[in-house]
Amino acid sequence: IVEGNRPFLVEIQALTAKSYFGYPKRTASGYDLNRLNLLIAIIEKRAGVDLSTHDVYLNIVGGIKVRENAVDLAVAMSIISAVKNQPIASSTAIFGELGLSGEVRSVPNLEKRVEEAVRLGFATLLLPRLTKGANIKSKVKVVRRLKLLEGQVRGLQKMVENDMYCIDVITQTSAVKQGLSNVEDMLLENHLDHCVHHQMQS
């Protein structure tokens, strides 16, 4: 979610249990109950997951109150994960708004959310389909590659400080140079695919 100009991630937990009453129970902590009921209806209608015989409990970890629709997709997936007993990997970050027809809509400050998720080390991002001209996927790849290069440079520094064998140091520098060359290729490809392409169209 985004508070002011700062994005930060929240953990969403869901639990489903078989209901023994005529009307299944829906409980939400830190989340709007009406929105939860709406998302359950979307899940049943559009995803074909029957929740009519299950109680649904939703919790935003840490006592945080979430008021934005950017967590719709995460809430829906956590509920489906709970009812199917298939956990979502802890290295996955999810955000997106759900429409009544089941489509995943974009959310404000999408790039900031992606950058924060990458910075925190999330390996998989589930997000809305990118709009025309967006280059978020390329940006994520470049940031990941630069993080790897950062680690290689630190290792190179330690090798020099520890007076390692010169050939080993040179081998490491060659690997760093190759990594930077790959980043340069990725940036050039992104520039041609997005910036130049859209300038030509306009």
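Two residues are in contact when heavy atoms of theirs lie within 4.5 Å. With that in hand, here's a first look at this protein, which is a predicted model. Take the contacts between residues at least 6 apart in sequence: 70% of them join residues at least 24 apart.

**The overall layout**

The protein has five helices and nine strands. If you walk along the sequence, you meet them in the pattern β-β-β-β-α-β-α-β-β-β-α-β-α-α. Of the 202 residues in the protein, 33% are buried. The accessible surface comes to about 12,800 Å², and carbon and sulfur atoms account for 54% of that area.

**A sheet of three strands**

Let's zoom in on one sheet. It is open, has three strands in the order β3-β5-β4, and its pairing is mixed. Strands β3 (12-18) and β4 (26-29) are at the edges with a single partner strand each, so each has one side without a neighbour in the sheet. From one strand to the next, the twist averages 10°.

What does "mixed" look like here? Strands β3 and β5 run antiparallel and are joined by seven bridges. Strands β4 and β5 (residues 54-60), on the other hand, run parallel, with four bridges between them.

You can follow this at single residues too. Tyr-57 in β5 is the bridge partner of Leu-15, and Tyr-57 is also the bridge partner of Thr-27. A little further on, Ser-29 stands opposite Asn-59 in β5.

Is β5 largely enclosed or largely open? Five of its seven residues are buried, so β5 is largely enclosed by the rest of the structure.

**Helices on the sheet**

Helix α1 (residues 33-47) lies across β4 and β5, and runs at about 130° to β4. Helix α2 (residues 72-84) packs on the sheet as well, where it touches β3 and β5. The direction of α2 makes about 40° with that of β3.

**Salt bridges**

How many salt bridges does a search of the whole structure find? It finds five. Here are some of them, with the N to O distance for each:

| Residue pair | N to O distance |
|---|---|
| Arg-35 and Asp-72 | 2.3 Å |
| Glu-103 and Arg-105 | 2.9 Å |
| Glu-150 and Arg-154 | 2.7 Å |

Start with the salt bridge between Arg-35 and Asp-72. Arg-35 sits in helix α1 and Asp-72 in helix α2, so this pair ties together parts that are 37 residues apart in sequence. Are these two residues buried or exposed? Anything under 20% relative accessible area counts as buried. Arg-35 has 16%, so it is buried. Asp-72 has 0% relative accessibility, so it counts as buried too.

The salt bridge between Glu-103 and Arg-105 has another setting. Glu-103 counts as partly exposed because its relative accessibility is 28%. Arg-105 also counts as partly exposed, at 41%.

Then there's the pair Glu-150 and Arg-154, both in helix α4 (residues 136-161). They are four residues apart, which is about one turn of the helix. Glu-150 is partly exposed, with a relative accessible area of 41%.

**Helix α3 and the residue after it**

Helix α3 (residues 110-119) has several buried residues: Leu-110, Arg-113, Val-114, Glu-116, Ala-117 and Val-118. Just after α3 comes Gly-121, which takes a positive phi of about 90°.

**Around helix α5**

Now for the last helix in our tour. Ile-167 is found in helix α5 (residues 166-201). Which residues form a nonpolar patch on the surface with Ile-167? They are Tyr-165 and Ile-170, and together the three have about 330 Å² of accessible area. Ile-167 itself is partly exposed, with a relative accessible area of 46%.

Thr-173 lies in helix α5 too. Thr-173 is partly exposed, with a relative accessible area of 26%. Look across from there to Val-153: Thr-173 and Val-153 are 20 residues apart in sequence, and their C-alpha atoms are 8.2 Å apart in space.

Conventions:
Residues numbered from 1 in each chain as written. Predicted model: local features only at pLDDT ≥ 70, side-chain atom pairs only at ≥ 80, totals over all residues. Heavy atoms only, no water. Patch = residues over 30% accessible without salt bridge, like charges linked within 9 Å, V, L, I, M, F, W, Y side chains within 5 Å. Areas by Shrake-Rupley, 256 points an atom, 1.4 Å probe, with all protein chains shown as cover. Salt bridge = Lys/Arg side-chain N within 4 Å of Asp/Glu carboxyl O. Helix = DSSP H or I, 4+ residues; strand = E, 2+ residues; numbered from the N terminus. Buried < 20%, exposed > 50% of the residue type's maximum accessible area, 1.4 Å probe, protein only. Pairing = 2+ DSSP bridges. Axes fitted to C-alpha atoms, helices over the stretch in contact; angles between N-to-C directions.
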